[in-house]
Amino acid sequence: MTGERDLDALLRDMKPEMRPGIFVFCTIPTSQSIPAALSPLLTFREQEGTTLVIPREQAEAAGLRYAFSSCLITLTVHSALDAVGFLAAITARLAAAGISVNAVSAFHHDHLFVPADRADEAMVLLREMSNATHL
């Protein structure tokens with residue numbers, strides 16, 4: 001199954017869904033193993049350390065310092081990894097509203113981490129964008 005590349009179709013069919021919970025970003029040294037008690041949604045190894053995106057409760061239980069308490073919005077359209085302009089259009093719209101976003105593209109979908117206190121507003125804007133392409 002090939003992902004969608006057409007920008008109009010991506011925007012029309014994005015069908016954003018918010019995942020329950022609050023997620024946070026943590027970092028551990030690259031030499032350190034990920035603690036067994038953690039179930040990272042995302043890991044990314046950088047020169048400065050390994051970034052973990054985990055539920056806030058896990059970070060607090062493990063005594064990890066964290067940043068960016070966020071909600072996760074998944075754009076459920078199957079987007080192609082080489083699609084052009086989709087995340088640019090999404091992030092530009094959220095930026096115009098003053099909503100920061102950390103976007104992650106996975107094999108099937110794009111995922112947006114937005115500030116927890118602005119998540120509902122982000123959902124409204126994304127639904128408006130999707131509905132506008134139906135006209």
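## Surroundings of Ser-70

Beyond its neighbours within four places in sequence, Ser-70 is in contact with Gly-21, Ile-22, Phe-23, Phe-25, Phe-113, Val-114, Pro-115 and Ala-116. The model is predicted. Ser-70 belongs to strand 4, which covers residues 67–75. With a relative accessible area of 0%, Ser-70 falls under the 20% limit and is therefore buried. Val-24 lies 46 residues from Ser-70 along the chain, yet the two C-alpha atoms are separated by 6.2 Å.

The sheet containing strand 4 is open and is formed by six strands in the order 2-3-1-4-6-5, with antiparallel pairing. Strand 2 (42–46) and strand 5 (102–105) are its edge strands, each pairing on one side only. From one strand to the next, the twist averages 30°.

Strand 4 and strand 6 (residues 110–115) run antiparallel and are joined by six bridges. Within strand 6, Pro-115 is the bridge partner of Ser-70. In general, strands of a sheet pair through backbone hydrogen bonds, in either a parallel or an antiparallel manner.

Two helices are associated with these strands, as set out below.

| Helix | Strands involved | Angle |
|---|---|---|
| Helix 3 (residues 86–96) | touches strand 4, strand 5 and strand 6 | about 15° with strand 6 |
| Helix 4 (residues 119–132) | lies across strand 1 (16–28), strand 4 and strand 6 | about 130° to strand 1 |

Helix 3 packs on the sheet, and strand 4 is among the strands that helix 3 touches. Strand 4 is also one of the strands across which helix 4 lies.

Terms used: Residues are numbered from 1 along each chain as its sequence is written. This is a predicted model: local features need pLDDT of at least 70, side-chain atom pairs count only at pLDDT 80 or more; totals for chains, interfaces and linings use all residues. Side-chain values use heavy atoms; hydrogens and water are left out. Helices (H or I, at least four residues) and strands (E, at least two) are DSSP runs, numbered from the N terminus. Buried means under 20% relative accessible area, exposed over 50%, partly exposed in between (1.4 Å probe, protein chains only). Contact means heavy atoms within 4.5 Å. Two strands pair if DSSP finds at least two bridges between them. Axes are lines fitted to C-alpha atoms, for helices over the stretch in contact, and angles run from 0 to 180 degrees between N-to-C directions.
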